[in-house]
Amino acid sequence: MLDFPLFFPMREAFAADADMNALGTLFAQDYKYTNANRLTTFLDNHDRARFLARAGDSYQRLRSALTFMLTARGVPVIYYGTEQADDGNFNPWEDPIANKDNRKDMTSWDENHTVYKHIQRLTTLKKNYASLRTGTQREMWKDAGVYAFSRIAGTQETITAATNSWSTQSRTIPLRAESPIAVGTVLTNLMNTGDTVTVQAGGVTGRQITVSLGEHEAKVYAPGSPVSAYTPPARTITKIRVHHNPGADRTIAIRGAASPFRTDRGRPARQVSAGVWEYEFERVPAGQSFTFKPYIDDAYASNGADYSGVGGQTIDVYPTFPTLTTVRVHKDAGYGNKITIRGSVAPLSWSTGQDCANKAADLWLCTVVGIASGTSLQYKPLLNDTTWSQGGNYTTTGGSTVDVYPTF
């Protein structure tokens with residue numbers, strides 16, 4: 001039986017950094033199954049978008065999700081192409097099920113691909129550790145950014161800990177009362193055998209470990225000598241850092257002509273500090289050139305030519321953008337309705353409204369491109385472009401951001 005109940009919170013936790021407590025809520029329902037270990041688990045399949053299409057093409061998110069899935073209870077299924085980091089043409093839409101981009105023909109096969117190697121290591125562990133095949137799974141830790149569980153088969157125990165955070169996370173985690181592992185035991189991370197922790201006295205069960213997890217990392221600990229030594233392949237990380245403040249409730253996206261980018265929609269960057277947005281990826285090999293262009297809200301392109309980058313480097317850019325005049329309309333328009341804006345200066349007019357973007361239940365962002373900075377204008381919000389807001393016209397100047405609270 002396909003384990004869709006696990007699929008959704010697992011994908012959201014690892015692809016979208018959603019609250020990892022949801023995993024614990026799901027596993028707490030396992031008692032309802034005769035044997036939850038017989039459920040078929042998956043990250044994507046023929047009816048769902050490719051994991052990478054919804055994870056911003058983050059190989060690290062994929063590796064972490066695969067580690068979690070292949071060490072958790074259930075029978076894991078790897079959809080073809082995942083081992084080659086297929087991203088389904090960066091098409092995340094499911095309406096109601098996936099698009100044809102998640103079923104395209106494979107054009108290459110690389111047994112040295114970093115994701116292939118990662119899966120190969122996980123399947124080796126599953127073959128050699130009975131606890132990872134048939135062990136009883138018990139929760140050890142859960143919070144918004146970290147989840148950990150134990151699996152025990154007889155006297156053999158493995159411990160998996162994972163985070164979906166962009167920063168290093170450390171947790172002191174009590175061992176389960178059922179654990180056969182004693183204080184002083186050295187546990188080895190089977191996904192990087194140079195990494196060990198020692199069981200210390202303390203905690204609610206008298207035994208605990210302190211685990212440090214890097215960005216979107218999952219670790220699998222076991223006592224004794226590992227089945228084999230393993231060092232994960234080095235990551236070739238490229239970072240684009242866009243230095244620009246797009247304004248409240250706005251975002252930065254990156255478009256480009258070649259993978260991992262597209263020209264018709266952008267990869268979302270994340271804000272790492274005030275006025276700095278970052279997009280990180282591994283798909284471009286070290287030394288390979290590529291071009292890209294930042295967009296505000298994936299709609300308004302930066303001025304000038306495309307930027308150039310090289311795989312494996314950090315590229316800092318300081319773009320300028322067309323002058324944007326922003327009206328933030330604070331109004332719950334109701335289900336199925338919209339807010340538009342009309343005004344006195346082109347491209348606005350008093351005869352036809354421009355649609356505003358719904359950002360929250362009671363917030364609409366009206367963006368006007370091309371009005372010169374400092375130009376005075378009058379404007380008025382409308383409901384469904386038919387019902388005018390009450391009172392007189394509002395006023396502002398080109399390039400400004402204003403908040404209004406109309407009634408209708």
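This report describes the overall make-up of a predicted model, then its helix packing, then three buried residues.

**Overall make-up**

The protein has 408 residues, and 50% of them count as buried. Its chain forms 6 helices and 29 strands. Taken along the principal axes, the C-alpha atoms fill a box of roughly 75 × 45 × 40 Å. Among contacts with a separation of 6 or more, 66% are between residues 24 or more positions apart.

**Helix H1 and its surroundings**

Helix H1 covers residues 4-15, which makes 12 residues. From its first C-alpha to its last it reaches 16 Å, close to the 16 Å expected at 1.5 Å a residue. The buried residues of H1 are Leu6, Phe7, Pro9, Met10, Arg11, Ala13, Phe14 and Ala15. What covers these buried residues includes helix H2 (21-27), strand E1 (40-42), helix H3 (51-54), helix H4 and strand E5 (156-163).

**Two helix pairs**

Two packed helices are described by the angle between their axes and the distance between the axes. Helix H4 takes part in both of the pairs below, with H1 and with H5.

The axes of H1 and H4 come within 9 Å and cross at roughly 145°. This crossing is right-handed. On the H1 side, Met10, Phe14 and Ala15 meet Arg61, Ser64, Ala65, Phe68 and Met69 of H4. By class, the H1 and H4 contact has 6 nonpolar, 1 polar and 1 charged residues. Met10, Phe14 and Ala15 are also among the buried residues of H1.

Helix H4 (residues 59-71) and helix H5 (residues 114-128) pack at about 15°, with axes 10 Å apart. Angles under 35 degrees count as roughly parallel, so H4 and H5 are roughly parallel to each other. Their crossing is right-handed. H4 contributes Tyr59, Leu62, Arg63, Leu66, Thr67, Leu70 and Thr71 to the contact, while H5 contributes Thr114, Val115, His118, Ile119, Leu122, Thr123 and Lys126. These residues divide into 7 nonpolar, 5 polar and 2 charged.

**Three buried residues**

The table gives the place and relative accessible area of three residues.

| Residue | Place | Relative accessible area |
|---|---|---|
| Val284 | loop between strand E16 (276-281) and strand E17 (289-296) | 2% |
| Ser302 | loop between strand E18 (300-301) and strand E19 (307-310) | 4% |
| Ile254 | strand E13 (residues 252-255) | 0% |

A residue is buried when its relative accessible area is under 20%. Val284 therefore counts as buried at 2%, Ser302 at 4% and Ile254 at 0%.

Leaving aside residues up to four places away in sequence, Val284 touches Thr236, Thr238, Ser259, Pro260, Phe290 and Gly311. One of these, Ser259, is 25 residues from Val284 along the chain, and their C-alpha atoms are separated by 7.8 Å.

With neighbours within four places left aside, Ser302 is in contact with Lys293, Pro294, Tyr307, Pro319, Thr320 and Phe321.

Under the matching condition, Ile254 is in contact with Ile240, Val242, Phe261, Gly266, Arg267, Tyr279, Phe292, Lys293 and Pro294. Lys293 and Pro294 are also among the contacts of Ser302. The C-alpha atoms of Ile254 and Arg265 are 8.2 Å apart in space, and the two residues are 11 residues apart in sequence.

Key
Residues numbered from 1 in each chain as written. Predicted model: local features only at pLDDT ≥ 70, side-chain atom pairs only at ≥ 80, totals over all residues. Heavy atoms only, no water. Buried < 20%, exposed > 50% of the residue type's maximum accessible area, 1.4 Å probe, protein only. Contact = heavy atoms within 4.5 Å. Axes fitted to C-alpha atoms, helices over the stretch in contact; angles between N-to-C directions. Parallel < 35°, antiparallel > 145°, perpendicular 65-115°, else oblique. Left-handed = near helix turned anticlockwise from the far one by under 90°. Nonpolar A, V, L, I, M, F, W, Y, C, P; charged D, E, K, R; others polar. Expected span 1.5 Å × (residues − 1).
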